[in-house]
Each structure stands twice: as C-alpha cells, then as structure tokens.
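Me: Can you walk me through this structure and show how each label is earned? I'd like the reasoning, not just the words.

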Amino acid sequence: MAEMKTVGVVGSGQMGSGIAQLAAVHGLDVWLLDTDPDALIRATKSISTSINRFVSKGLLSQAMGIHAMKHLRCTTNLEELHSADIIIEAIVETEDVKKTLFLKLDKIAKDSAILASNTSSISITRLASATSRPSQVIGMHFMNPPPIMKLVEIIRGADTSDETFYATKALAERFGKTVVCSQDYSGFIINRILMTMINEAFFTLYTGVATKEDIDTGMRLGTNHPMGPLELADFIGLDVCLSIMRVLHAGLGDSKYSPCPLLLQYVDAGRLGRKHGIGVYDYRTAPQTVKPSPKL
Ligand SMILES: NC(=O)c1ccc[n+]([C@@H]2O[C@H](COP(=O)([O-])OP(=O)(O)OC[C@H]3O[C@@H](n4cnc5c(N)ncnc54)[C@H](O)[C@@H]3O)[C@@H](O)[C@H]2O)c1
C-alpha cells in the first residue's frame with residue numbers, strides 16, 4: 001500500500017482530538033469529524049494548546065506546530081472523509097452506534113481506504129461485518145492521551161488482511177509508537193487486564209475495605225503505578241470504564257467481569273470523571289490529593 005497522506009478521525013473527544021493531533025504533527029492531512037460542532041471547537045482549542053505546550057517544552061519546532069495546525073480541518077459532514085486513506089473511529093463505546101457509523105463510512109470511503117476503530121473492547125470482527133470490506137477493517141487502539149502514550153494495540157478481526165495490518169502498523173510506527181498485536185477477544189490485552197483491576201478497586205471502595213485515597217496511594221506506592229486505579233478511572237471516564245466492563249462481561253461470560261454497582265451508580269449520577277468535573281473525586285472544589293493528569 002502507498003504511504004498514507006490523509007487521515008479521517010471520527011469523534012473529536014479526548015481520544016479523537018489526540019489522534020488527530022498526532023497525525024497532523026506527523027505531516028498527514030487530517031479531517032476531524034464530530035456530529036457536535038461544539039466538540040470540534042473544544043478539540044481545536046485543546047489541540048492548539050497541546051501543540052503550544054510541546055513547542056514551549058522544545059519537543060516540537062514552532063514551524064512544525066504551525067504546519068500541524070494548517071494540516072487540520074474540522075467538519076460535521078461525513079462526505080469530506082472520502083479523500084482519507086484511513087479513517088480512525090473514536091466515538092462512543094457502544095456497539096450499535098459504532099456499527100451504524102461503519103455502515104456509513106463504508107459507503108463514503110474510497111475503495112482502498114482502511115476503516116480503523118479505536119474501540120477499547122468491542123469486537124472488530126462484528127464492526128467489520130457492518131461493512132462490505134471486512135479485510136480492510138482493523139482495531140487501532142491508542143492509549144490516553146494519544147500524543148504522549150507510547151503504545152498502540154492493533155487488533156486483527158477474523159478477516160483483516162495482512163496488507164491492512166502492515167499498513168496500520170506502519171502508520172502507528174510513523175507516529176513513534178510501539179505496537180502490540182492482540183487477537184479479537186473482548187477487551188483485547190490492555191483493557192481485559194486494566195479494567196478488571198479498576199473494577200476491583202471499585203469493589204474495594206464499595207465494600208468499605210479502604211478509602212479512595214488509600215486505595216490509590218496503596219496502588220501507586222505499593223505497585224509503582226503512576227496513578228491509582230480510581231484516579232485513572234476518573235481520567236479515562238467512568239462511562240467508558242462501565243461500557244468496557246459490560247463488553248467484557250457479555251463477551252467473556254464470566255461473573256468476575258460484572259461491573260461494580262458503585263461504578264454503575266456513579267455513571268447514573270453523571271459522575272463521569274474529570275471530563276464532567278466529578279467522578280470518584282471532585283475536581284470542582286478543594287485541592288485534590290490525586291496527582292494532576294498527564295499534560296499533553
Ligand atoms: N477515554 C480513554 O481513556 C480511552 C482510551 C482508549 C480508547 N478509548 C476509546 O475511544 C473512543 C472514544 O472515547 P473518548 O474517551 O474519546 O470519548 P469522548 O466521550 O471524549 O468523545 C466521543 C466523541 O464522539 C462524538 N460522537 C458520538 N457519536 C458520534 C457519531 N455517530 N459520529 C461522530 N461523532 C460522534 C461525541 O460528540 C464526542 O465528541 C471509545 O471507543 C473509547 O472506548 C478511550
């Protein structure tokens with residue numbers, strides 16, 4: 001496959017905006033799409049702030065920063081993604097919503113385009129089944145925040161071709177990432193292990209074993225994790241964590257993946273984590289004992 005020139009990113013939230021930034025900084029033309037125009041405004045602002053931070057730290061030249069912003073275009077019109085060599089989906093972690101999008105993307109994307117999903121847990125094979133090009137559908141799972149984290153987990157669906165795999169791997173490596181490859185089973189490698197730990201941290205809080213601060217401090221200092229599991233859950237988004245637990249539970253069929261009732265209750269209450277100002281911790285008021293999130 002020829003070198004990719006244009007990337008489409010669908011969903012301009014935490015992950016989509018970071019993926020768009022990465023692609024623009026690495027010289028690709030980027031179309032960033034969201035159904036919510038306000039999300040695109042927020043994304044452009046956060047990408048610009050993040051790029052400026054890279055420039056001020058001397059990690060990116062000012063010229064490259066300006067160049068990257070010029071490579072970035074935002075849209076609410078799916079048709080604009082027709083020119084993309086690869087379209088990376090980063091919308092809500094709900095299978096039906098993603099499938100509906102893949103059906104539409106299959107119709108508007110050029111024949112050679114790869115359709116990738118940044119899903120944390122949903123079956124790539126099932127997303128691919130919504131399209132007429134299952135050999136060109138793949139999982140490209142970036143970690144949060146994409147401009148900083150070094151890993152991309154690549155997931156091959158049942159029919160993903162070698163050509164699609166190697167082109168996607170080459171793109172991740174062009175972004176400076178290390179690639180690991182997972183079979184297409186719920187949660188893949190990272191979230192199967194990580195979310196089970198986060199869910200257990202919720203059970204530890206729910207059953208009164210310890211306070212949230214002691215759970216996080218215990219795991220930070222006791223196991224050398226940079227963030228405690230509850231802080232990390234707030235950073236990821238409790239809604240995202242709950243969706244992933246539901247996918248693990250349904251896909252792997254073991255009660256050990258059943259979401260903790262406390263996680264469910266927080267999501268029902270709109271306590272979705274840092275992005276909503278409150279999750280396990282309250283970010284709206286007094287100084288927190290938790291560490292600040294990684295700066296982009
Ligand atoms: N948050 C994380 O730490 C993390 C890490 C790795 C992967 N992921 C995965 O990335 C994806 C996105 O997660 P996020 O945290 O960025 O979510 P988010 O809620 O921050 O952003 C989702 C964006 O998608 C948009 N959207 C929803 N439906 C859409 C549609 N049909 N078409 C276009 N745009 C649509 C929303 O308006 C929103 O701006 C999920 O699949 C999630 O599992 C998340």
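Reply: Sure, here are some questions and answers on the ligand, some listed residues and the backbone. This is a predicted model, where local features need pLDDT of at least 70 and side-chain atom pairs count only at pLDDT 80 or more, while totals for chains, interfaces and linings use all residues. Residues are numbered from 1 along each chain as its sequence is written, and side-chain values use heavy atoms, with hydrogens and water left out.

Me: Which of the residues around the ligand come nearest, and what makes a residue "near"?

Reply: A residue is near a molecule if one of its heavy atoms lies within 4 Å of it. There are 23 residues around the ligand, and Met15, Asp34, Glu93, Lys98 and Ser120 come nearest.

Me: What makes the pair between Met15 and the ligand a polar contact?

Reply: A polar contact is a pair of N or O atoms within 3.5 Å; within protein, one must be able to donate a hydrogen and the other to accept it, and residues adjacent in sequence count only if both atoms are side-chain atoms. A backbone N or O atom of Met15 is 2.9 Å from an oxygen atom of the ligand, so the pair falls within the cut-off. Asn118 uses a polar side-chain atom instead, 3.0 Å from a ligand oxygen atom. With Ile236, a backbone N or O atom lies 3.0 Å from a nitrogen atom of the ligand. On its own the ligand has 840 Å² of accessible area, and the protein covers 85% of that (Shrake-Rupley method, 1.4 Å probe; for residues, only the protein chains shown count as cover).

Me: How many residues of each class are in the shell, and where do they come from?

Reply: The shell has 9 nonpolar, 9 polar and 5 charged residues. Ala, Val, Leu, Ile, Met, Phe, Trp, Tyr, Cys and Pro count as nonpolar, Asp, Glu, Lys and Arg as charged, and the others, Gly among them, as polar. Domain 1 (6-183) and domain 2 (192-276) each give at least three residues to the shell, with the bounds coming from an automatic or database domain assignment. Helix 1 (14-25) and strand 6 (137-142) each supply at least two. Helices (H or I, at least four residues) and strands (E, at least two) are DSSP runs, numbered from the N terminus.

Me: Which residues does UniProt list for "binding site", and how do you know whether they gather at one spot?

Reply: The unreviewed UniProt entry lists Ser50, Lys57 and Ser120. They span 71 residues in sequence and the farthest two C-alpha atoms are 30.5 Å apart, so they do not all gather at one spot. UniProt positions are given in the numbering used here, feature names are shortened, and annotations may be inferred rather than shown by experiment.

Me: Is Ser50 buried or exposed, and how do you know?

Reply: Buried means under 20% relative accessible area, exposed over 50%, and partly exposed in between (1.4 Å probe, protein chains only). Ser50 sits in helix 2 (residues 37-56) and has 1% relative accessibility, so Ser50 counts as buried. Ser120 is in the loop between strand 5 (114-117) and helix 5 (124-128). Its value is 12%, so Ser120 counts as buried too.

Me: What about Glu231: buried or exposed?

Reply: Glu231 belongs to helix 9 (residues 229-236). Its relative accessibility is 2%, so Glu231 counts as buried. Its side chain is joined to that of Arg220 by a polar contact of 2.5 Å.

Me: And where is Leu238, and is Leu238 buried or exposed?

Reply: Leu238 lies in helix 10 (residues 238-252), and at 0% Leu238 counts as buried. The C-alpha atoms of Leu238 and Val267 are separated by 6.3 Å, with their positions 29 residues apart along the chain.

Me: What is said of the phi of Phe188 and Asn224?

Reply: Phe188 has a positive phi of about 55° although it is not a glycine, and Asn224 has a positive phi near 65°, again in a residue other than glycine. Phe188 has a relative accessible area of 5%, so Phe188 is buried. Asn224 is at 70%, so Asn224 counts as exposed.

Me: Which peptide bond is cis?

Reply: The one from Asn144 to Pro145, with omega near 0°. Pro145 is in the loop between strand 6 and strand 7 (151-156).
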